[in-house]
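Trainee: Could we go through this model together, one question at a time?

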Amino acid sequence: MSIDLEALYIDLHRHPELSFQETRTAGVVARELAALGLDYVEGLGKTGVATSITGTAPGEGPVVWLRADMDGLPVEEQTGLAYASTARGVDPAGTDVPVMHACGHDMHITALLGALEKLLATRDEWSGTVVAVFQPAEEYGAGSQAMIADGVLDRFPRPDIVLGQHLTPLPAGTIGVRPGTQMAASDGLTVRLLGRGGHGSRPHATIDPVVMAAATVMRLQTIVSREIDPREMAVVTVGSIHAGLKNNIIPAEAKLELSLRYPDDEARADVLARVERIVRAEAQASGAKQEPVITTDHSLPPTINDADATARLTAAWNRAFGEGTVIDPGMFTGSEDVSWFAREAGAPLVFWFWGGVDPQTFADAVARGTLNEDIPTNHSPHFAPILHPTIERGVDALVVAAREFLA
């Protein structure tokens, strides 16, 4: 009996879970793998699942890894869908938050399970091994390394190539991929600015970290606007500021949370040095008696597609789906942790995007010049891919990609 992929997707969408909490989701994956007659390993990297299929055609083929991520986001869904999520979870700070599949990971799981079913049904046509990895905690940038630390590269055949895909607001049916840097490197930083607290009526007796934080935020914006060559790419975002509890108390500390993006390791070193210079200089300018504390919360390498493998897949998809199916979407400034699997194994990587927007809706928005206003992007509370042909194209893109490399 074949998997009802639409029902599977709807179930996953209704029941998202936060990073490293994907216990129900992992159970659904395990249930479907068992129904396909596949052995699997659970609990990799806390909640990850992995399985493998070996082809039965003559000859020895390569090992192809296919990866899908599983976690949802702390977003309150506003799609209005009949199957919209009303789930809630508890984040690492202990806060009760709404949870939504606002980045398409439910579609990633659905597509990989559908691809496994097709590959299993045609295993007499190919030789080699397919390893399917259902990864937790991509949104924390930590899931792939957690699975590696748990021995996934030792418990399954090591990859000759790693393949993965991500849903994005392109027209349904479209595949977006490019050789070289496909997604930016990123770092998440927490900056603690240490002042001296006191009464709001006596600011002269304090070292105000709120003013220090405000000056730091403004000065950080000049890294991209005034220090980086405009022909180069960098992003410096201050996404969170926390200081104080009451209007007449000047706090002793302010906390900033930064998201930094860059195309390569050289740019990363440059931007990090500039951030540190500004943070320390603003603290000194404010008369701070203690040095600020800068902590790296996560660090992700750039997602770099192997040029030869990308060319092979582009040709294979155009043959399978028609010329013009594949576009170069440019480099995405978002970041991913999929490349750790390839880097740790010393294997090439191809990571691509596929569309989930009704093509006519997309074309109309382009014609009006309202693409950003009318087409919800990943992480939006309105993010809602159309089910068909998004599911089918996600499944078939993985199958064609895997078969291109399997003997």
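The questions below deal with one sheet, its helices and a pocket.

Mentor: This is a predicted model, in which local features need pLDDT of at least 70 and side-chain atom pairs count only at pLDDT 80 or more, while totals for chains, interfaces and linings use all residues. Residues are numbered from 1 along each chain as its sequence is written, and side-chain values use heavy atoms, with hydrogens and water left out.

Trainee: In what order do the four strands of the open sheet lie?

Mentor: Strands are DSSP runs of E with at least two residues, and helices are runs of H or I with at least four, numbered from the N terminus; two strands pair if DSSP finds at least two bridges between them. The pairing in this sheet is antiparallel, and β10 (residues 185-194) and β14 (residues 253-262) pair over 10 bridges. The edge strands, each paired on one side only, are β12 and β15. The order is therefore β12-β14-β10-β15.

Trainee: Which helix touches β10, β12, β14 and β15?

Mentor: Contact means heavy atoms within 4.5 Å. Helix α6 (residues 209-227) lies across β10, β12 and β14. The helix that packs on the sheet and touches β10, β12, β14 and β15 is α7 (residues 265-285).

Trainee: How many residues lining the second largest pocket are charged?

Mentor: Asp, Glu, Lys and Arg count as charged, Ala, Val, Leu, Ile, Met, Phe, Trp, Tyr, Cys and Pro as nonpolar, and the others, Gly among them, as polar. Strands β7 (161-171) and β18 (349-357) each supply at least two residues of this lining. Its residues divide into eight nonpolar, four polar and, as the number asked for, two charged.

Methods. Axes fitted to C-alpha atoms, helices over the stretch in contact; angles between N-to-C directions.
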